[in-house]
Every structure is written in structure tokens, then in C-alpha cells.
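Hi,

Here is the structure I promised to pass on. Have a look at it first, and my notes on what turned up are underneath.

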Amino acid sequence: MKILCLLTFLLASGAWAVDRPNVVVIFTDDQGYGDVSCHGNPILKTPNLDKLHSESVRFDNFHVAPVCTPSRSELMTGLYAMRNKAGMVPSGRNLMRRDIVTMPEVFVANGYATGLFGKWHLGDTYPHRPMDRGFQRVVWHKGWGLASEIEYDNDYYYTRYLDEMEVKYSDRFCANLWFDEAMKWMDHQIEAKQPFFSYIALNTPHSPFHALEEDYNKYKDKVEDPNVAHFFGLISNVDDNYGRLDRWLEKRGIKDDTIIIFMNDNGSSRGDKIYNAGMRGKKGSGYEGGHRAICFIRWPNGGLGTPRTVNNLSHITDILPTFADLLEFDVPQAADPFDGVSLKSILRNLETVDDNRKVVVQFGGRVRPQKYYRSCVIWKNWRLNGDSELYDLGKDPEQKKDVSSQYPEIVRELKLHYDAYWASIEASIDVIEPVVIGNPAESYTDLTSNNWVEVDFDNRGKVAEANSMGGIWEIEAEKAGAYLVLLSRWPFYMERPLSSVGPAETIGGMPIDPGEVLPIKSGSLSLDGKEPIVAEPNSSDTFVEIRIELSKGRHSLQGWFHDAQGARLSGAFYGRVISQ
């Protein structure tokens with residue numbers, strides 16, 4: 001409502017300029033700082049990204065979260081992941097708070113059209129879908145990628161995707177599709193003389209490693225591990241697509257008035273085997289290799305001065321406040337002040353930089369978030385990893401020597417900063433953002449094993465293995481009444497019998513493990529920890545159907561599958577909740 005009121009005011013008053021720059025954010029998945037040739041990679045070649053590097057302000061001390069959902073939530077909100085609540089990838093702790101104003105909402109409130117193309121990974125159901133959080137045009141996939149538990153048998157080469165909420169299929173390679181759709185949408189905005197914010201969020205070079213053959217062939221004889229060759233091939237495709245976008249911007253005459261930001265979401269997942277820019281750690285690590293990231297910013301007509309590398313400490317939470325400051329946005333009132341700061345003074349080469357700044361890097365983990373779990377406090381050349389390891393990157397960039405005993409005063413200083421951060425979020429640590437059901441925006445709400453609270457189970461391989469008794473689904477009913485709950489062994493769109501083996505098709509030349517057959521004869525559902533309700537499968541043996549009554553508000557659900565003797569075989573990997 002606040003955003004709509006502000007938008008109405010701005011429209012009436014003409015408060016924004018029609019010549020504001022367009023904004024394109026390109027966000028890659030699992031590409032590390034060292035996975036570009038301009039950062040010294042001896043094998044990988046990225047000529048188009050190297051060109052962008054040469055034209056940009058390069059933030060060389062830029063940090064993200066060590067895994068992808070937290071980085072995305074920090075980008076979208078300007079808040080640390082543990083504060084905005086999307087602090088982990090699986091485990092039911094991956095949805096942003098509903099009271100937070102997001103980046104696309106800020107752009108909309110200031111007269112921009114907004115579009116997302118590719119990976120969202122901050123919620124697949126209302127009110128957490130991208131179109132619920134400010135994106136007006138959405139071409140996307142669900143889950144963390146095309147091998148996630150919800151996408152399951154999706155294909156890099158014949159991509160099943162969502163156009164808003166309509167399922168479509170593409171005969172194009174997935175990353176090509178996202179860039180194609182983004183450019184098509186941006187073309188319409190140019191014709192309408194409408195400034196736009198385009199978020200091209202790739203699901204590559206994340207696994208599964210299915211590079212196009214011509215890209216894989218570039219590296220297959222240069223590295224021993226085929227997965228690394230595929231990984232580099234996927235980055236080569238990113239580079240080609242960026243080059244295609246850059247030429248398109250020039251052809252359409254908007255290159256000089258478009259802000260381009262190129263970033264990656266966490267440390268490398270494969271390239272570290274070849275080159276890691278002298279850093280310790282990779283994706284998932286609290287060490288430098290887990291969170292130091294690429295950040296190139298180009299705006300030819302933005303008064304950013306000569307392309308250059310800057311070493312000022314910067315963080316992914318800075319991007320939203322930077323946009324707000326640089327573009328003179330009116331920001332709708334938010335529940336929390338930004339954790340990030342504006343980088344405008346650095347971009348404009350002004351001497352107003354806080355050299356004393358400290359930044360916290362942390363994500364939530366697979367269980368209840370723990371203090372100092374894979375945390376890092378960054379201050380100048382110092383890195384406090386966990387509660388006791390101290391490194392001086394000025395003398396030890398590979399973080400080989402813990403110098404905490406030599407500099408106890410530095411350890412105390414950084415722990416004080418971390419403790420203040422932890423104190424600001426500790427009271428909300430046990431609060432989990434629920435999956436909302438019973439809203440007319442959706443005719444049904446799907447639950448998956450990714451939503452199991454504090455259970456790490458978010459990919460098709462784990463579903464195929466079927467070796468988990470599951471976890472709790474935290475839900476919130478927006479209205480009281482009767483609900484129908486369906487429980488399935490496989491994603492509902494597949495319509496597979498409960499006791500069938502999983503699909504064994506070959507995707508992108510790579511076989512899918514069919515997994516374990518479960519002799520399912522019944523399923524059960526527990527509501528709020530009460531005695532489970534047991535039911536037999538439907539006539540087509542594709543799901544178990546159970547009716548429940550819910551009061552308005554928070555509830556928990558947990559489902560299981562059973563054999564002929566009633567013994568539990570596994571958790572129910574998929575659920576569908578339908579309001580009656």
C-alpha cells in the first residue's frame with residue numbers, strides 16, 4: 001500500500017525524470033572471483049567480460065554470502081541474510097520477511113518497469129514469488145536450479161520454465177533463453193520510453209554441469225576433470241551472452257545511459273580446482289574464497305570517471321542503497337535500516353569513504369542458526385573467522401597463519417562488532433517465515449522437501465534416494481476452513497505412480513539416477529504434531545489425499561509414506577494444499 005501511494009504521488013507530480021538511466025544487473029550462479037580471465041585465470045577465456053572489466057569501476061574487495069539464497073536476499077533487501085530471514089538454501093529458512101521493501105519495489109515506486117529473467121530462489125509460492133515482491137515481468141524457474149527438487153527433470157537444452165505462472169517449454173539453452181527474454185522485454189520498454197530495471201539472474205554455471213558441446217570442447221583437453229570443463233564451458237556461454245547483450249545495448253542506442261552491474265553470488269563451486277586467485281576456501285566457506293566476489297559497474301554517462309579498480313570494502317547489501325542514492329530515489333519506508341551503505345562516493349571518486357567500516361559475512365546453516373557459524377568479520381586487511389581465527393590478508397592472502405594470539409586486541413575489536421550484530425538478530429533466530437496457504441492468488445500451494453524445517457533436502461538426487469523421514473512444513477492459513485492435502489512421492493506435474501522408479505531419461509547427455517523404489521501402500525499427515533491421519537492412494541496411485549480443518553493462522557504439517565504393514569518408509573517429499 002505504501003508503495004502504491006508513493007507511486008500515485010510520483011505519477012501525479014512528475015517527480016522523476018524521464019531520462020533516468022536503465023539498470024541491468026547480471027548475477028551468475030556459483031562462478032567465483034577467479035573464474036574470469038581478467039582476474040588471472042590461466043585457462044578460462046572470457047573476452048567479453050574482460051572488456052566490461054576494462055570499462056568499469058571494479059570493486060576488488062567486494063563480498064557476498066558464501067551460498068546463493070542468502071546472497072540473493074541481501075541483494076534484494078540491503079539487509080544481512082539472517083536479518084531478512086532468507087538465510088539458507090534449504091531447511092525451510094529461505095523466505096524473506098514479508099514486511100521488507102525489496103529492490104524491485106523501490107524501482108517501481110520510482111517509475112521504473114521491472115523484470116526478472118532466470119533464477120529467483122527466494123520463494124516459489126505466494127506471497128514470496130517474484131511477482132509478489134515487485135517484479136512486473138517474470139520469466140523464471142523455481143527452486144535453486146533445473147535439478148532442484150521442484151524442477152527435478154528439467155533440461156538445460158529443452159527448458160521448462162514459467163512465463164509469469166504459465167508453464168512453457170523452450171528449445172533454447174537455458175541461459176540463452178533468459179538473455180533472449182530480457183532483451184525482448186527491454187526492447188518494449190525502449191519503444192515505450194520507459195526506464196527499466198532488468199535482473200538477469202542465471203542458473204549457470206551451477207550444477208548440473210551440462211555445457212553446450214561447443215563450449216565444453218574448448219576445455220575438455222585442458223583440464224582433467226570433465227565437470228571442470230563443463231563448468232568453464234558454462235562460463236564461456238555466460239561470456240558470449242553478455243557480449244551479445246552489450247552489442248544489443250549499443251545497437252539500440254542505450255549503452256551509455258544504462259548501468260550494468262555484473263556480479264556472482266558466492267565462491268566458486270568448481271573453478272577453484274584450477275585457479276582461486278590465491279584465496280582459501282570455495283563456495284560455502286567463511287574464508288575469503290567463499291565470499292569475495294566479482295563486481296563490475298559500468299555507466300558511461302554517469303560521471304563515474306576513468307575505469308579503475310577500487311579496494312574499498314564493499315558488500316552485496318550496498319547495491320540497493322547505492323541505487324537509491326545514485327539515482328536519487330524516494331525509498332518507501334522500511335521496517336529496518338539498510339545494513340549496506342551507498343557506494344556513490346566511491347563510484348564518483350569523492351573522498352568521503354569510511355575506511356573504518358566493518359562487514360559481517362554469514363549464512364544460516366542447515367539447522368537452527370548458530371552464533372559464529374562460518375562467519376567472517378571483515379575490517380581493512382583483517383579477517384576474523386568464527387570466534388577465534390584471525391588473519392592478516394595484507395601479509396597472508398591465503399589465510400594460512402592464524403595470528404589471533406599475536407593481536408588479541410584486534411580479535412576483541414572484531415568480536416565486539418560481531419556480538420552487536422548477533423544481538424540485533426538473536427531475538428528473531430527462531431522465527432521462521434511460513435508458507436502461506438488459502439490465498440486467492442493461488443488455487444493451490446505446493447510444498448516440497450525444500451520447505452522441511454531444518455532438513456537439508458532440496459535436489460532431485462536426494463528425492464531419488466528417498467532416505468529421509470522428512471520434516472515439518474511451517475504454514476500459515478490466511479482463512480479458516482477445510483483444506484485438501486495431497487501427498488506425493490514425485491513432483492505433481494510428473495503424474496508418476498507413488499511406487500514407481502524415478503525417471504531415468506538422459507538430460508543434456510547426463511543420465512538421471514532413477515533412485516529407490518518405495519513400496520508405498522498408504523500415507524499419513526500430522527497437523528500441529530497431533531496423531532497422524534492415514535489414507536490410501538487415489539485410484540491412479542499418484543498421490544494420497546487427506547482432508548483437514550484449519551483455523552486461521554500458523555500451523556505445522558508433516559507427512560509420511562508407509563508400506564503394507566504400516567511402517568514408515570520416508571517423509572512425503574511433495575505436498576499440495578487446496579482450499580475447499
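Helix 8 lies across strand 1, strand 8, strand 9 and strand 11, and its direction makes about 175° with that of strand 9. Before going on, please keep in mind that this is a predicted model.

The sheet under that helix is worth a look. It is an open sheet of ten strands with mixed pairing, in the order 7-6-5-4-8-1-9-11-2-12. At its edges are strand 7 (166–169) and strand 12 (308–310), each of which pairs on one side only. From one strand to the next the twist averages 15°. Helix 3 (residues 68–77) packs on this sheet as well, with contacts to strand 1, strand 4, strand 8 and strand 9; its direction is at about 165° to that of strand 1.

Some of the pairings, if you want to click through them:

- Strand 1 and strand 9 are parallel and share seven bridges, with V23 opposite I259 in strand 9.
- Strand 9 and strand 11 (residues 295–298) run antiparallel, joined by four bridges; here I260 stands opposite R298 in strand 11.
- Strand 4 and strand 5 pair in the parallel sense over five bridges, and the bridge partner of G118 is W140 in strand 5.

Strand 9 deserves its own paragraph. Seven of its seven residues are buried, so strand 9 is largely enclosed by the rest of the structure. Both of its faces are covered: one side carries T258, I260, F262 and N264, the other I259, I261 and M263, and all of these are buried.

Now for the packing. The largest nonpolar core has 48 residues, and M186 and L245 are the ones that touch the most other members. Two or more residues each come from strand 1 (22–28), helix 2 (47–55), strand 4 (113–119), helix 6 (174–191), strand 8 (196–201), helix 8 (226–251) and strand 9 (258–264). Which element gives the largest share of this core? That is helix 8, with eleven residues.

As for L245, leaving aside residues up to four places away in sequence, it touches V24, I26, F179, M183, M186, I200 and I260. Apart from this core there is another one, of 46 residues, among them V25, A86, I297 and L320.

Helix 6 comes next. It has 18 residues and reaches 26 Å from its first C-alpha to its last, close to the 26 Å expected at 1.5 Å a residue. Its buried residues are C174, A175, L177, W178, F179, E181, A182, M183, W185, M186, Q189 and I190; note that E181 and Q189 are in that list. What covers them includes strand 1, strand 4, strand 5 (137–141), strand 6 (160–163), strand 8 and helix 8. Just after helix 6, K193 takes a positive phi of about 55°.

Further along the chain there is an open sheet of four strands, with antiparallel pairing and the order 19-29-21-26. Strand 19 (445–448) and strand 26 (544–550) are at the edges with a single partner strand each, so one side of each has no neighbour in the sheet. The twist in this sheet averages 25° from one strand to the next. Strand 19 and strand 29 (residues 574–579) pair in the antiparallel sense over four bridges, and D446 has R576 in strand 29 as its bridge partner.

Finally, the overall numbers. The protein chain has 13 helices and 29 strands. Along its principal axes the C-alpha trace spans about 70 × 60 × 50 Å. Is the radius of gyration, at 24 Å, in agreement or at odds with a compact globule? It agrees, because a compact globule of 580 residues would have a radius of gyration near 25 Å. Buried residues make up 62% of the 580 residues. Among contacts between residues at least 6 apart in sequence, 69% join residues at least 24 apart.

If you only have a few minutes, I'd start with L245 and its contacts, which include M186 and I260, and then turn to strand 9, where both faces are covered.

Cheers

Methods:
Residues are numbered from 1 along each chain as its sequence is written. This is a predicted model: local features need pLDDT of at least 70, side-chain atom pairs count only at pLDDT 80 or more; totals for chains, interfaces and linings use all residues. Side-chain values use heavy atoms; hydrogens and water are left out. A nonpolar core is a set of buried Ala, Val, Leu, Ile, Met, Phe, Trp, Tyr and Cys residues joined through side-chain atoms within 4.5 Å. Buried means under 20% relative accessible area, exposed over 50%, partly exposed in between (1.4 Å probe, protein chains only). Contact means heavy atoms within 4.5 Å. Two strands pair if DSSP finds at least two bridges between them. Axes are lines fitted to C-alpha atoms, for helices over the stretch in contact, and angles run from 0 to 180 degrees between N-to-C directions. The expected span of a helix is 1.5 Å times one less than its number of residues. The radius of gyration is taken over C-alpha atoms; the globule rule is 2.2 Å times the number of residues to the power 0.38.
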